[in-house]
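Work through the exercises below with the sequence and the structure at hand. Each task is followed by a solution in steps.

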Amino acid sequence: MSEVDSSGVVEAKYAENINGGTSWVQTFFRWSLGAVLLLTGIGHLTWARTEFLAQVPQWVPLEGDLVVVLSGLVEIVLGAGLITLPKQQVIMGWITAVFFVLIFPGNISQYINHVDAFGLDSDVERGIRLLFQPLLVIWALWSSGAWRAWRESKK
């Protein structure tokens, strides 16, 4: 959305682009989150499988390795969707945010059970990691425009 000020200069109010009204900064961060999810998902299936297995809570009623594989596949799909589906970016943002909420118990389990993984070998380090999960939720909602779409739907 643009407005012309008194000098005739076009001022970009929201710096919207073709990706459903998100700014280029949001698009960059959405693509970055998508790339992180793709890389993490591939890690679930390959080099970091054991590390991710350490985060599966014992109370999950599925085999741990199956949980790691399934969550890795979900991360690959989410990452690819955030990057390649700009017309569905709002729904992809919501789904990604929900995914981050759903996997949070694994991070809590790692903390309360004192499980070392990903170089986190103290309760302080594992506790600090817990603080970053809400930031991932915010990242998904903001970069996809989901937060803005939700606020505008309430008007």
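Two residues are in contact when heavy atoms lie within 4.5 Å of each other. The model is predicted, so local features need pLDDT of at least 70, side-chain atom pairs count only at pLDDT 80 or more, and totals for chains, interfaces and linings use all residues. Residues are numbered from 1 along each chain as its sequence is written, and side-chain values use heavy atoms, with hydrogens and water left out.

**Exercise 1.** Find the residues in contact with Val-137, leaving aside its neighbours within four places in sequence.

Solution. Set the sequence neighbours within four places aside. The contacts of Val-137 are then Ala-97, Phe-100 and Val-101.

**Exercise 2.** Determine how α4 and α5 are oriented to each other.

Solution. Step one is to identify the helices, which are DSSP runs of H or I with at least four residues, numbered from the N terminus. Helix α4 covers 89–112, and helix α5 covers residues 123–143. Step two is the angle, taken from 0 to 180 degrees between the N-to-C directions of lines fitted to C-alpha atoms over the stretch in contact. For α4 and α5 the angle is about 170°, with the axes 8 Å apart. Step three is the class: under 35 degrees is roughly parallel, over 145 roughly antiparallel, 65 to 115 roughly perpendicular, and the rest oblique. Therefore α4 is roughly antiparallel to α5. Val-137 of α5 belongs to this contact, as do Ala-97, Phe-100 and Val-101 of α4.

**Exercise 3.** Classify the pairs α1 with α3 and α1 with α5.

Solution. Take α1 (residues 24–45) and α3 (64–84) to begin with. Their axes are 7 Å apart, at an angle of about 155°, so the two helices are roughly antiparallel. The axes of α1 and α5 come within 8 Å and cross at roughly 130°; α1 and α5 are therefore oblique. Residues making the contact include Phe-29 and Leu-33 of α1, and Trp-139 and Ala-140 of α5.

**Exercise 4.** Which helix gives the most residues to the largest nonpolar core?

Solution. A nonpolar core is a set of buried (under 20% relative accessible area, 1.4 Å probe, protein chains only) Ala, Val, Leu, Ile, Met, Phe, Trp, Tyr and Cys residues joined through side-chain atoms within 4.5 Å. The largest one has 12 residues, among them Leu-33, Leu-78, Phe-100, Val-137 and Ala-140. Helices α1, α3, α4 and α5 each supply at least two. Helix α4 gives the most, with four residues.

Methods. Buried < 20%, exposed > 50% of the residue type's maximum accessible area, 1.4 Å probe, protein only.
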